[in-house]
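Grab your viewer and work through these exercises one by one. Try each task before you read its solution.

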Amino acid sequence: MDAIGLSGAEWFAVLRIGLGLWWLESWRHKDKKGWFERGTGIAWAADVAEKHRWNAVRSGFDLVVRPRPRTMAYVVVYAELALGLGLVLGFLTPVALVGGLLLNLLYFTLMIHDWAEQGQNAMMALISVVALFAVAWQSWSLDAALGLFR
């Protein structure tokens with residue numbers, strides 16, 4: 001593989017780290033007090049789910065999220081932090097990539113009416129797939145340093 005400036009594996013590491021920074025920014029800009037104390041994030045998602053065109057999204061939200069809003073707020077917020085740290089550090093990278101892909105697909109499905117959210121989640125999902133199949137933990141990662149996922 002020809003590449004400019006860095007090796008191919010290093011460019012894929014750049015892509016992986018960039019995706020991790022995107023997840024960290026998603027975590028950083030959340031109003032944690034609002035999410036954890038006032039339930040604003042889950043309340044917003046509940047409003048979106050209530051109006052969703054697909055019954056499966058409405059009933060799935062009612063079954064999984066609505067009964068446990070506080071727990072789900074912690075799951076969402078700390079999942080974004082864990083994904084970001086895992087990808088930036090290259091630790092348990094394939095797990096982080098698959099987890100991020102699943103979270104992006106959930107966000108994409110919930111926000112089917114919002115073009116901006118769809119674009120962001122589609123691009124993040126695409127980067128996850130590319131990084132996964134390019135084995136983007138070969139360079140600049142704790143996984144490579146520890147000999148994981150060879």
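**Exercise 1.** Work out which residues of α6 are buried and what they pack against.

*Solution.* Keep in mind that this is a predicted model. Start with the length check: α6 has 18 residues, and at 1.5 Å a residue they should span 26 Å. Its end C-alpha atoms sit 25 Å apart, which agrees. Next, pick out the buried positions: T93, P94, A96, L97, G100, L101, L103, N104, Y107 and L110. Finally, look at what surrounds them: the buried residues of α6 pack against α1, α3, α4, α5, α7 and α8 (142–146).

**Exercise 2.** Check the span of α1 and find how its buried residues are arranged around the axis.

*Solution.* Helix α1 runs over residues 8–28, so 21 residues at 1.5 Å each should give 30 Å, and the end C-alpha atoms are indeed 30 Å apart. Its buried residues are G8, A13, R16, L19, G20, W23, L24 and S26. Looking down the axis of α1, you'll see them fall within an arc of 165°, so they line one face of the helix. The general rule behind this kind of pattern: an α-helix has 3.6 residues a turn, so residues three or four places apart point the same way. As for the cover over the buried residues of α1, it includes α5 (69–89), α6 (93–110) and α7 (115–133).

**Exercise 3.** Find the residues that touch the most other members of the largest nonpolar core, and say which helix supplies its largest share.

*Solution.* The core has 29 residues, and L19, W23, W35, I42, F61 and L110 touch the most other members. At least two residues each come from α1, α2 (32–38), α3, α4, α5, α6 and α7. The largest share, six residues, belongs to α5. Now zoom in on F61: beyond its neighbours within four places in sequence, F61 contacts I42, A45, A46, A49, R66 and P67.

**Exercise 4.** H52 and R53 both sit in the loop between α3 and α4. Decide for each whether it is buried or exposed, then trace its contacts.

*Solution.* Take H52 first: its relative accessible area is 2%, under the 20% cut-off, so H52 is buried. Leaving out neighbours within four places in sequence, H52 touches V57, R58, T109, L110, I112 and H113. A polar atom of the H52 side chain lies 3.5 Å from the backbone oxygen of L110.

R53 comes in at 52%, over the 50% cut-off, so R53 counts as exposed. With the same neighbours left out, R53 contacts R58, I112 and H113. The R53 and H113 side chains make a polar contact at 3.2 Å. R53 and I112 are 59 residues apart along the chain, yet their C-alpha atoms are separated by 8.7 Å.

Conventions: Residues are numbered from 1 along each chain as its sequence is written. This is a predicted model: local features need pLDDT of at least 70, side-chain atom pairs count only at pLDDT 80 or more; totals for chains, interfaces and linings use all residues. Side-chain values use heavy atoms; hydrogens and water are left out. Helices (H or I, at least four residues) and strands (E, at least two) are DSSP runs, numbered from the N terminus. The expected span of a helix is 1.5 Å times one less than its number of residues. Buried means under 20% relative accessible area, exposed over 50%, partly exposed in between (1.4 Å probe, protein chains only). The arc is that of the directions from the helix axis to the C-beta atoms. Contact means heavy atoms within 4.5 Å. A polar contact is a pair of N or O atoms within 3.5 Å; within protein, one must be able to donate a hydrogen and the other to accept it, and residues adjacent in sequence count only if both atoms are side-chain atoms. A nonpolar core is a set of buried Ala, Val, Leu, Ile, Met, Phe, Trp, Tyr and Cys residues joined through side-chain atoms within 4.5 Å.
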